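This report introduces a structure to a reader who has not met it before.

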Amino acid sequence: MTSGAQPSQANITIDDVCLTDIPQIIEIDSEITKIAKPELWYSYYAPAGRSQPRWFLVAHEGERVVGYILGEVRAWEFGSPPCGWIFAIGVSPDQRIGGIGSRLLGAMIERFRPTGVKTIRTMLHIDEHVLMSFFRSQGMAAGPFIQLEASIDL
Amino acid sequence: MKLNQATRLAIWSIVELASRPGEQVPVNEIAQIYGISQHHLAKVLRTPSRAGIVGSTRGPGGGCEFTGNANRLTLYDIVQLFEGDREEEEAPEAPSTPVAAEVARVLAEIDRITTATLRSVTLQTIIRNAERKEERRKAAENLEPVDAMTERS
């Protein structure tokens, strides 16, 4: 984690994403994952033909994007009643431990709430201990679904 | 998950101390809360004390105090103090058959999930989640009489 002045919570706003935010989001994501995925992020910005409600929120400090979150309501996938899925969250590495992730997650939950969902869910790599710690610190724990996979190479 | 008794006592005690920051908590008080022997608990707490996460003061007003970082210390760290590094544990020698290899793979899968869980739960998370549950319980208790009145009216 790099050092940097942490923003005061009062200076942070949580907003719906704008097209001009995308390059900064791509930068934060590629800093975290070491892979730049511009096509993916632009596709999240302009989803075509989606039937499920989806939200793409960003944390701004002035003009600067310091975090983002993506979530949507998915119904009856794998037999699950409608629930709010968090499928991406990221905070600029130099702005962590300042509560930005909690603010983003809280804002997403407020978007989910009017849809009537009672549960939020996410999936992450088993070795992502820091991210897993974050979700657990927000009250999340292992749920009733388990992910299985197999190689299809012979 | 099966843990040694000392590990379990250490987890209870350390989380209890971490939930009361800056407070000197007498060992007998913790022993009483969790229904365990004070003598045994004092022995158990020597290990986290040597690791620098529990401090103690003798004399009147003395007791134990959590001296670690509750936002960083995980259940894995405590388990590791008492039971060694799970990731470095060598699997016992097994016959090299396809069945033995598959059994070993399943056991490794269980270990990986266990380790990931222990590594991701900080003491602060346990404390916060316990507080949330308590708040919900109290809120539910406060709602009950209102519900009963609504039904009567």
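The sections below cover the model, its two largest pockets and a surface patch.

## Basis of the model

The model is predicted: local features need pLDDT of at least 70, side-chain atom pairs count only at pLDDT 80 or more, and totals for chains, interfaces and linings use all residues. Residues are numbered from 1 along each chain as its sequence is written, chains are lettered from A in the order in which they are written, and side-chain values use heavy atoms, without hydrogens and water.

## The largest pocket

The largest pocket (an open set of points on a 1 Å grid where a 1.4 Å probe fits, with protein on both sides within 12 Å along at least five of seven lines) has a volume of about 2,200 Å³, taken as the space filled by probe spheres set on the points. Its lining, residues with an atom within 4 Å of a point, has 50 members, with Thr122(A), Ala141(A), Ala142(A), Gly143(A) and Phe145(A) nearest the centre.

H6(B), a helix (a DSSP run of H or I, at least four residues), gives the largest share of this lining, seven residues.

## The second largest pocket

The second largest pocket holds about 1,400 Å³ of space. It is lined by 45 residues, and those nearest its centre are Arg96(A), Val130(A), Leu131(A), Phe134(A) and Phe135(A). Here the largest share, seven residues, comes from H4(A).

## A residue of helix H6

Val106(B) belongs to helix H6 (residues 98-120) of chain B. Val106(B) is partly exposed (between 20% and 50% relative accessible area, 1.4 Å probe, protein chains only), at 35%.

Notes: Helix = DSSP H or I, 4+ residues; strand = E, 2+ residues; numbered from the N terminus.
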